[in-house]
Amino acid sequence: MELDGEGRAVVRPLLTDLYQVTMALGYWRAGRACEAAEFELFFRRCPFGGSFALAAGLRDCICFLRSFRLQDADVQFLASVLPPDTDPEFFEHLRALDCSGVTVRALPEGSLAFPGVPLLQVSGPLLLVQLLETPLLCLVSYASLVATNAARLRLIAGPDKRLLEMGLRRAQGPDGGFTASIYSYLGGFNSSSNTLSGQLRGVPVAGTLAHSFVTSFSGSEVPPDPMLAPASSEGPRVDLMASVNLWLKRVCIHLGLKVQEPHPGERAAFVAYALAFPRAFQGLLDSYSVRRSGLPNFLAVALALGELGYRAVGVRLDSGDLLQQAQEIRGIFRTVGAQFQVPWLESVPIAVSNNIDEKELARLAQKGSEVNIIGIGTSVVTCPKQPSMGCVYKLVSVGGQPRMKLTEDPEKQTLPGSKAAFRFLGSDGSFLLDLLQLAEEPPPKAGQELRVWPQGAQEPCTVKPAQVELLLRLCLQQGQLCEPLPSLEESRTFAQQSLSRLNPAHKQLQSPTVYPVALSEKLRALVDNLSAGGPLVAAELWRSLSRNQRVNGQVLVQLLWALKSAAGPEPEALAHWSHSCMSWLKVFTCLTALSCTVEALKALLTGDGGRMVVTVMEQVGGWRRLVGAHTHLEGVLLLASAMVAHADHHLRGLFADLLPRLRSANDLQRLTAMAFFTGIRHVNTLLPVLLRALGEGDARLVGAALGALRRLLLQPGAPVRVLSSELRPRLPPLLDDARDSVRASAAGLLGTLVRRGQRGLRLGLRGPLRKLVLQSLVPLLLRLHDSSRDAAESSEWTLARCDQALRWGLLEEMVTVAHYDSPEALSRVCHRLVQRYPSHVKHFLSQTQGYLRSPQDTLRRAATVLIGFLVYHASPSGVSQDLLDSLFQDLGQLQGDPESAVSAAAHVSAQQVALLARAQVQPRRSSLLGFIRHHSYPTRPHPLYDDSPFLRRSLAGRWNCPEPPLAVLELTL
């Protein structure tokens, strides 16, 4: 962790996500790098189920922005991960970037923050402010989360308990530990155990001793100098250990203990610590026994120090029932203080620690608790109730025009436009609500009656604030700091003052009243307008098109959705659409919303080299189908086919925009996207996008991509070699995917690939397809036993294709394994594979070993049996000793498997592994006769496995015969 001179984390520009850089390249290539843009950083829900958050991390953000500069090494690295044909001028542009054109408005550090209200507003060149997203989120999110968590813990503890943050050793790395120490102090903790936060940021530090210090003493140690001078420095020095021993007798008599009961090592540790810190002595009482050892030893040392004018500063408990023990200890302090006339002993602070969470803290803070200091570690630094703040960084305007994210999830819609934020206060200074309005609107005034729209409300309300506070302050203007940032102590004080003004109903930790955030009427009207696709959307669409001669995919997608929209725009919006069309593309006035959209789409394609698409669609009636209520999807399919044939330069962008729509919850969008997919036949131009889609998380997306790749392979002249190279790292993992449909589709795609490339395989070419087949062989064999019937049958079909292409002669055996789980057939398969590919045996075994931990009983047993036969047919020199040891260990563990069929098979296979290992160490014979007799390895018995108890998937009944039918073999071919 790098820190600057003031203890702020030094975040480098490359602490970001790669897609920020790829978007930057996209902006630069589109000529939009320097367009003015504004982003807002905010959160959608208050953390921990509460009603507020504390804004934190601003100081670190300003430090980052003021030092932002990509170094040569940074640019060189980016050049290595971007396409090799990237224009060198782009990298020169990156080298010249700094934040001299960036302006930041922000909530002051320690402010109360609420959902939707920006913590930061960042404006500047589009490319640059996009690059800032990830670092700013990183700096703000965790800092605000920890500060909010600390504030909640402070509210639970109340104002009188002292809270110590001691979570450095539990934090997520040194950066997390350092950040947590700083912002837990801002949130209301009194001190931290983290000395670096004290050195660099001025956080008060505290801490005493641990159990290791206490238990390191046995009692036989003699201090080099046991003498201690009185606190006043007047009078003779005293042997502290001797004084402690005298006091121990008196304390034990008072407590009814034998003087031998307190642990001598613990007492020696206390004395050693007291000699080092006579003015700050604190005892850790629970190393042995609190009542019989820790407490009497502490009292003896504390009373001995008291005779010399020193006062112990406290005791600490780290185990047991902390509340009850604290009450008992306080009672003993009172009786001992009265017995020996030491009144200060009654008020010695009691500190506790031990995985204290919100529930335990509430118990320790209840009325009557004798606990004074509470140390909290894990619960404050890791925020276990909610480990992430959920902050987002969203675009709100570009080129002075508002931008709004529209999604199927209303919660994820953004508020468009550059905004100002105000806080309305009552006459007593309490918070009433926060108002968001467009920056161009006049600021609200105290005493002014305003009509506002609370978030989520269906009707407006009227408010009349007694006071109005501007929330977003100008921190950085064109890269220059506008005013000195407050110190950590000042921000902490401000946070506590802000919390004191928040209504108690909003401070409740369980089921709090939601704090209202409202929109001005003008902002609400803009949101409604953009949501409905009104004139502003239409006008901005045409402005966007006028700047780009090549129509991008997103525009085409928007037009497709407009074609199927249930409700057309208002007459005013329609007139605006027509006017915009005429002013740029000279499209004549449209009579209906749908015909307007169709004419727009025709004009776009005509003006961008897609005239043939328009003609073809007219010839086949595609435009008419597009606007039909029941023929829309058919029209989309025709449009896709026409574009593939006559305007394929649109397909990359269009495909990239349609791909995410396949997982949309909106039926219209999902079906339209699927129809477009279905219409695509010649997908060569989409190959890079299809390959990337294989890594998607949605099974439908992966399935669509696999299906498109399979269609590509079925075309004449399909690029089998290219696809084999590209699929080699991508396809084998999909054969083991958790989703049944993906496994089945992946196996089917491999079979199609082998079928199209069988000529090269038969010629023995050692190309990427052969490598892919050998890499996939074990998954295919084991997936014959897959719980998914589709995956099992796809694997069987693909193995048949491999057998035909590579001339293994194992088709009958593979079908028998698939439908009858025959060990004899599997043994013949393994024998042939070991003979044909001896150098791959180690790889086959390593792959199979991974399936021994499968949650499916059938797969675990199948893998166990496969290992047994591979090992049986392998030569001793073909398998390393380390691999055999690893296999033997894993099979040994499986012998305790709860499924008896698995454990029995593991026992047989483990014996085969042991026999092969023994064959590796057979002594060599020096004579020729010895060589002749022993050049063959010792005979090993054939492994015998019981019949599988699992349900067969036999198709024998379908063929009306009891044994594996020849018809199956013929049909499989």
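User: What lies over the face of Tyr185, and what makes that a charge over a ring?

Analyst: In this predicted model, Arg492 lies over the face of Tyr185, at 4.5 Å from the ring centre. The distance cut-off for such a charge is 6 Å, and 4.5 Å is within it. Arg250 is placed in the same kind of way over Trp247, at 4.2 Å from the ring centre.

User: Why is the contact of Glu469 and Arg501 called a salt bridge?

Analyst: Their side chains meet with N and O 3.0 Å apart. A salt bridge needs such a nitrogen and oxygen within 4 Å, so the pair qualifies. Glu469 lies in strand β20 (residues 467–470) and Arg501 in helix α16 (residues 488–501), so parts that are 32 residues apart in sequence are tied together.

User: Are Glu469 and Arg501 buried or exposed, or something in between?

Analyst: Partly exposed is the class for values between 20% and 50%. Glu469 has 26% relative accessibility, so it counts as partly exposed. Arg501, at 28%, also counts as partly exposed.

User: What makes Glu358 buried and Lys385 partly exposed?

Analyst: Buried means under 20% relative accessible area. Glu358 has 16%, so it is buried. Lys385 has 48%, which is under the 50% limit for exposed, so Lys385 is partly exposed.

User: How do you know that Glu358 and Lys385 form a salt bridge, and where do they lie?

Analyst: The closest N and O atoms are 3.5 Å apart, and the limit is 4 Å. The pair links distant parts of the chain: Glu358 is in helix α14 (residues 358–364), while Lys385 is in the loop between α15 (378–381) and β14 (391–398), 27 residues apart. The structure holds 31 salt bridges.

User: What do Asp736 and Arg783 tie together?

Analyst: The side chains of Asp736 and Arg783 meet in a salt bridge with 3.1 Å from N to O. Asp736 is in the loop between α31 (731–735) and α32 (740–756), and Arg783 is in the loop between α34 (768–782) and α35 (789–806), so the pair ties together parts that are 47 residues apart in sequence. Asp736 counts as partly exposed at 33% relative accessibility, whereas Arg783 counts as buried at 8%. Salt bridges that share partners join Asp736, Asp740, Arg743, Arg783 and Asp786 into one network.

User: How many aromatic pairs are there, and why is the pair of Phe114 and Tyr515 called stacked?

Analyst: The structure holds 13 aromatic pairs. The ring centres of Phe114 and Tyr515 are 3.8 Å apart and their planes are at 15°. Pairing needs centres within 6.5 Å and stacking needs planes under 30 degrees apart, so this pair is stacked. Phe114 lies in the loop between β4 (112–113) and β5 (120–125) and Tyr515 in the loop between α17 (504–507) and β23 (517–520), so the pair ties together parts that are 401 residues apart in sequence. Both residues are buried.

User: What makes Phe281 and Phe298 a stacked pair?

Analyst: The values are 5.5 Å centre to centre and 15° between the planes, set against limits of 6.5 Å and 30 degrees. Phe281 counts as buried at 0% relative accessibility, and Phe298 is buried with a relative accessible area of 0%.

User: What is the pLDDT over residues 534–554?

Analyst: The chain averages a pLDDT of 82. Over residues 534–554 the pLDDT is below 50. Where pLDDT is low, the predicted coordinates should not be read in detail.

Notes:
Residues are numbered from 1 along each chain as its sequence is written. This is a predicted model: local features need pLDDT of at least 70, side-chain atom pairs count only at pLDDT 80 or more; totals for chains, interfaces and linings use all residues. Side-chain values use heavy atoms; hydrogens and water are left out. Helices (H or I, at least four residues) and strands (E, at least two) are DSSP runs, numbered from the N terminus. Buried means under 20% relative accessible area, exposed over 50%, partly exposed in between (1.4 Å probe, protein chains only). pLDDT is the predictor's confidence in each residue, from 0 to 100. Contact means heavy atoms within 4.5 Å. Rings of Phe, Tyr and Trp (its six-membered ring) pair if their centres lie within 6.5 Å; planes under 30 degrees apart count as stacked, over 60 as edge-to-face and the rest as tilted. A charge sits over a ring if NZ of Lys or CZ of Arg is within 6 Å of the ring centre and within 35 degrees of the ring normal.
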